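Here is a friendly tour of a protein model, from its surface to its interior. Keep the structure open beside you as you read.

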Amino acid sequence: MSNNNENNTNLNNLQKIKIPQLNTSNLQITSSTTFHSPKNSSPQSQSSPNLSTVMINNSKKGITTNSTDNLRKNNPFYLHEQLLKKLKLQNKQNVIEISITCQLLKENLKRFCKVYSKNFLGETEILKENKTFTKTFLLEYFFEKIQKIKIEIYNFENLKLLKEIQFNLIELILLQNNEMIFDIPNLGKVIITKYLNNNLLKNCLTPRTPRNIGSTLHQMSPSSRMSPISHSLKPLTSKKSLNSASFLNEINLPKEEEELLIKLMKSPLSEILQERDKIPEEINMEVPGIEFHCKGLKLDKKDTFGTSDPYFIFQIIDNNQNSLITLQNNLQNNLQINNTLQNNLIEIYKSEIIKNNLNPIWKEFKISFYKLCKNDFDKKILVTIYDWDRISKNDDLIGQFSFTINQLRDGQLKYNVIEPKKLKNKKNYVNSGIFEFYDLNFNIKMEEIVKNPKLEIYEYIIHRHSFLDYLIGGTCQLSMSILMDFTHSNGDINYQSGLHHIHGSTLNSYQRAIYGIGKILDYYCKDNISLYGFGAVPKNDRKNLKTYFTMKENLKDTNEVIECYTNLVNDLYFSDMTNVTNYFKPLQQDDFYPFINDFCKNYNPSKYNIIFILIDGDIISEDETLNNLILTIDKPISIIFIGIGGNSFNTLQNLISTLDKNSESRQNIQFILYNQFSYDLNVFVKKILENIPKQATDYYLLKGTSPNFNVDDLDA
């Protein structure tokens, strides 16, 4: 068994790989390059002004702007973020594309097809010959679900249904060849062909019509359709298509970034990981920004002697989409920003305090577009003006408003300062003063430490492969091991209260859990299922209790698992792990860690191994259990604990929580309480299996393993 130092080293190595949370907002700039002054320059007098659009007065005086093209050209992040946005849209989509071919005996029969998943997806065009329909369909794949696909074939002349065929999507995905063929007596053949639609290089570098997952797609000619999936075929685009219609050429990326992207597309993942570690996370570079000159006019009096000590704060919302929507609604309806929302605001700039002044002129300040709005010129920036309180240190709100860079560029320079409570309660309320950007310069250059743009490209390329890529490429082949708890705390099998009690055809909790798992995993783990137990001995050999025992290996499916369990359980004597003989240290009543320890020494490295441990209690050796769970993190192993019975399992859940907090690179252990979801087996199975794809892809990423696809050589 590895010692603690080795375990700590494992965790340190795992913490190197982190999935970045990057902002890839598109920089949006209006085409107008001049300001337009409105006819009415007086403050608005309506009783309910809008915080985000209150325009008081416009003036060109002192404003230095630039053309849209120059702003883009001078912003090193603009083209870079266009690329990242494109890459992000393509990342981690578990999507499969299918086409349909009807080879009918009556070749001249006009036919078309309707396609259904959970809902109606659409229909093909009409053909009168035995060719492949040019209209294809995208189907989003979910590991934890059975996804039934139905195809109806119709005679166009009389709209009569000729035949209906059904299949499970996973059956098509797991086929070694690319085609699923249905022979239909007296009609002909229907062929379903699969295509992998998640190739980053093809989708990013070659422009394609936007598609909605699960909907009917645009027509594609057979020559432009992606190559069928095969371990020996090359699913990437050809050199010709890259050179003729390159996305890189469309956005005119700097040559250095273009060459880097092409290079990374062709490089093995292990090499990319090594290169990534050498790149500095932050660099100092010259970036474009804006210089603000701000002042307040007739701000509210907040102090006892009829004056105020005003200052202001610029804030933006974080990347939380719900918080962003809430903020926009609050601004739209002039509502107070509550404490919860305030916690999601990021302070960008805070001005100095100007004492005893209702018409303050604050010092000018410079700030980069990246820091101010992440290069999104339509991003709302919240401005809040406070009155500084020297005594209570609880500053009073004077008011607030919001603006965008595009509004400033369009000449919206004066804003009503709105105090939401006054607006709500005070009749004929107009404002609590006016905030004016009386001078602006958009042509500022400034040095700033920023996240290295190259590093972001590396991170997206590293994380481009989905679980479906590994599954179809043959890299990820699954096996399943089940360890069952037979300790005496399960109760007497002869009584209905016993957790292993079997009554006729009624399944107990152990059997139901296995049955639910098998509904999905039987497709993936055929002939690769093994059943083990712990805490019991054969009734004729009660003195020889082992740490665990093998019930049967290489089972075909979970029906055989349940049959094996049912045949053997009545011949077992339930004990507990404290009675184990010939083990190097004493065990607690429910200890299962010796099984994990042995599995880590003897696992099949060519498989991704899913272990289900079904337990009814967690009186365990905590340190030994934690140390052995750590051993699994850098191996192709996922462990799912299923709590059977009425225990809380607090000890085990706390151990898993501790492990998750200390392993930033990969989380491969989870716990689920069966009774919490026993009312609906489908919900139970979804909860158990939905994290497996990420756990598997994180493992392959950790090891620098790419899917088994051959990549065409590409011209830079």
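## Surface and overall build

How much area does the protein expose, and what share of it do carbon and sulfur atoms supply? The exposed area is about 33300 Å², and carbon and sulfur atoms supply 44% of it. Please keep in mind that this is a predicted model.

The protein has 716 residues, and 54% of them are buried. Its secondary structure comprises 24 helices and 26 strands. Among contacts with a separation of 6 or more, 76% are between residues 24 or more positions apart.

## The nonpolar cores

Now for the interior. The largest nonpolar core contains 97 residues, and I192, F612 and I642 have the most contacts inside it. Helix α17, which spans residues 509-521, gives this core its largest share, with 6 residues.

I642 is a good residue to click on. Beyond its neighbours within four places in sequence, I642 is in contact with I517, F612, I613, L614, I615, I672, Y674, F684 and I688. Apart from the largest core lies another one, of 33 residues, including Y593, L629, I639 and I656.

## Enclosed spaces

Rolling a probe the size of a water molecule over the atoms shows where empty space is left. In this model, the count is 3 cavities of 30 Å³ or more.

The second largest cavity has a volume of about 50 Å³. You can find it by selecting its lining: Y141, F142, F143, K145, I146, Q147, L169, I170, I520, Y523 and Y524. Sorted by class, this lining has 9 nonpolar residues, 1 polar and 1 charged.

Technical notes
Residues numbered from 1 in each chain as written. Predicted model: local features only at pLDDT ≥ 70, side-chain atom pairs only at ≥ 80, totals over all residues. Heavy atoms only, no water. Helix = DSSP H or I, 4+ residues; strand = E, 2+ residues; numbered from the N terminus. Buried < 20%, exposed > 50% of the residue type's maximum accessible area, 1.4 Å probe, protein only. Contact = heavy atoms within 4.5 Å. Areas by Shrake-Rupley, 256 points an atom, 1.4 Å probe, with all protein chains shown as cover. 1 Å grid on protein atoms, 1.4 Å probe; cavity = no way out; pocket = protein on both sides within 12 Å on 5 of 7 lines; lining within 4 Å. Points joined across faces, edges and corners; volume = space filled by probe spheres on them. Nonpolar A, V, L, I, M, F, W, Y, C, P; charged D, E, K, R; others polar. Core = buried A, V, L, I, M, F, W, Y, C linked by side-chain atoms within 4.5 Å.
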